[in-house]
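Grab a coffee and open the viewer next to the sequence. Below are some short exercises, each with a solution you can follow step by step.

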Amino acid sequence: MDLFKVYPLYNVKPVKAKGVYVYDENNTKYLDLYGGHGVISIGHSHKKYVARLSAQLKKIGFYSNSVQNPLQVELAQKLGSLSGCENYQLFLCNSGAEANENALKLASFKTGKSRVIAFNNSFHGRTSAAVAVTDNPFINAPINRQQKVTFLPLNNSDLVTDELKKGDVAAVIIEGIQGVGGLDEGTTAFFIELEKACQKRGVFLILDEVQSGYGRSGEFFAFQHHHIKPDIITTAKGMGNGFPIGGVLISNKIEPKFGMLGTTFGGNHLACTAAISVLEIMESENLIAHVNEVSNYFLKQIKPISQIKKVKGKGLMLGLEFDFEVAELRKKLIMEKHIFTGGSNNKKLLRILPPLSITKNQINKFVIALKTLLDE
Ligand SMILES: Cc1ncc(COP(=O)(O)O)c(C=O)c1O
């Protein structure tokens with residue numbers, strides 16, 4: 001059987017990984033400033049994580065959600081206390097798109113409405129409602145275009161208020177920091193206005209923290225830079241360090257009702273173990289403080305590079321904007337310097353999403369390689 005081709009592929013075959021490095025079949029070592037698309041939080045194949053997952057697999061990997069699973073309770077409590085979001089309830093699923101799909105569904109169930117406000121250049125996933133609120137007509141099929149979605153520019157709260165006044169909106173969905181779109185983000189004033197407008201009109205404010213969450217921005221969730229309280233928060237990528245898991249954090253004000261949400265695989269024993277282990281390691285290694293320290297260092301090191309016209313994002317979710325398209329530079333970084341970086345909808349932007357455990361020394365390696373290529 002052939003594979004269904006969904007992405008153009010670089011000619012690299014990773015076979016093992018450790019910390020911030022990935023190794024191909026010839027044992028060539030690649031510095032991972034992409035984290036497999038912002039997924040690797042605590043570092044590849046962390047010893048404690050591997051040991052914990054292996055031990056859990058020997059006990060029980062999966063059983064259905066019709067019986068008690070104390071690992072889910074342990075995860076919810078740990079996530080609540082580490083993120084400062086104790087006053088939320090947790091629904092577990094398997095991916096970022098699924099988290100957003102369930103968040104939107106819940107908002108629609110609870111408000112009885114169906115229109116959603118999303119933002120220009122957003123990315124929320126590829127399932128039905130999640131792709132409909134994604135601002136990319138090329139990945140929306142006719143079946144997805146039936147959903148009622150209004151896209152607005154970021155940072156214009158008057159336009160949001162005007163739409164909410166119409167009375168048919170179930171939810172506003174926004175990324176903490178835009179990922180695929182290219183690292184643009186709402187200002188603090190905008191997030192505060194959004195929160196106020198949603199509260200006033202009984203509309204659910206959904207914060208998509210699938211990419212910007214789990215310490216990546218230098219706070220547990222990126223919206224915490226703005227001191228707001230969303231109704232629903234969605235998470236995925238960094239949550240399992242590569243083990244598929246997603247979460248929907250639902251405000252305590254929202255009452256659950258059987259039948260609204262459900263899942264076969266979500267919150268299984270292995271996934272919960274991976275997510276608990278990630279949180280334990282984030283805590284014991286003080287990873288959020290580390291993100292802030294190395295992010296400042298990174299910014300200082302790249303400041304003298306005149307070809308970088310703008311730096312976007314926060315923490316270890318950064319975009320370096322040039323005045324030329326970066327596809328060739330990314331290719332050279334991988335093939336000649338053995339460094340993975342990311343791209344985005346903004347073709348002039350190099351996306352930096354390393355494991356949160358990256359060191360200053362590893363950042364130096366990237367900066368030297370980048371300067372060499374830019375000066376060629
Ligand atoms: C902000 C955001 N939301 C949702 C998703 C979708 O997540 P997944 O690919 O796990 O479905 C992504 C993936 O890149 C994302 O960046």
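**Exercise 1.** Does K166 count as buried or exposed, and at what relative accessibility?

*Solution.* First, a word on what you're looking at: this is a predicted model, where local features need pLDDT of at least 70, side-chain atom pairs count only at pLDDT 80 or more, and totals for chains, interfaces and linings use all residues. Residues are numbered from 1 along each chain as its sequence is written, and side-chain values use heavy atoms, with hydrogens and water left out.

Next, the cut-offs: buried is under 20% relative accessible area, exposed is over 50%, and partly exposed is in between (1.4 Å probe, protein chains only). K166 comes out at 55% relative accessibility, so it counts as exposed.

Now look at its partner. K166 and E163 meet through their side chains in a salt bridge, at 3.2 Å from N to O. The rule here asks for a side-chain nitrogen of Lys or Arg within 4 Å of a carboxyl oxygen of Asp or Glu. E163 has 13% relative accessibility, so this residue counts as buried.

**Exercise 2.** Work out which parts of the chain the salt bridge between D184 and K312 ties together.

*Solution.* Start with the distance: the closest N and O atoms of D184 and K312 are 3.1 Å apart. Then place the two residues. D184 sits in the loop between β7 (169-175) and α7, while K312 is in strand β11, so the pair links parts that are 128 residues apart in sequence. (Helices, H or I with at least four residues, and strands, E with at least two, are DSSP runs numbered from the N terminus.)

Finally, check accessibility. D184 is partly exposed at 30%, and K312 is buried at 12%.

**Exercise 3.** Do the same for K360 and E293: which helices does their salt bridge tie together?

*Solution.* The closest N and O atoms of K360 and E293 are 3.0 Å apart. K360 belongs to helix α11 (residues 360-374) and E293 to helix α9 (residues 287-302), so this pair ties together parts 67 residues apart in sequence. K360 is partly exposed at 33% relative accessibility; E293 is partly exposed too, with 45%.

To round this off, salt bridges with shared partners join R115, E163, K166 and D168 into one network. The count of salt bridges comes to 14.

**Exercise 4.** In what order do the strands run in the open sheet that contains β11, β12 and β14?

*Solution.* Pairing comes first: two strands pair if DSSP finds at least two bridges between them. Five bridges join β11 to β12, and these strands run antiparallel. Four bridges join β12 (residues 317-321) to β14, again antiparallel.

That gives an open sheet of three strands in the order β11-β12-β14. The edge strands, β11 (310-314) and β14 (349-352), each pair on one side only. From one strand to the next, the twist averages 15°.

For landmarks, find K312, whose bridge partner in β12 is G319, and L320, whose bridge partner in β14 is L350. Then look at the turn: β11 and β12 form a hairpin with two residues between them, and G315 in that turn has a positive phi of about 60°.

**Exercise 5.** Find out how α6 and α7 pack: at what angle, and with their axes how far apart?

*Solution.* Helix α6 (residues 157-165) and helix α7 (residues 188-201) pack at about 10°, with their axes 10 Å apart. Axes are lines fitted to C-alpha atoms, for helices over the stretch in contact, and angles run from 0 to 180 degrees between N-to-C directions. Angles under 35 degrees count as roughly parallel, over 145 as roughly antiparallel, 65 to 115 as roughly perpendicular and the rest as oblique. So α6 and α7 are roughly parallel to each other.

Then list who touches whom, with contact meaning heavy atoms within 4.5 Å. From α6, S157, V160, T161, L164 and K165 meet F190, E193, L194, A197, C198 and R201 of α7.

**Exercise 6.** Which residues does T134 touch, not counting those up to four places away in sequence?

*Solution.* Locate T134 in the loop between α5 (128-132) and β6 (149-152). T134 is buried, with a relative accessible area of 1%. Its contacts are S122, F123, H124, G125, I139, N140 and F151, leaving out residues up to four places away in sequence.
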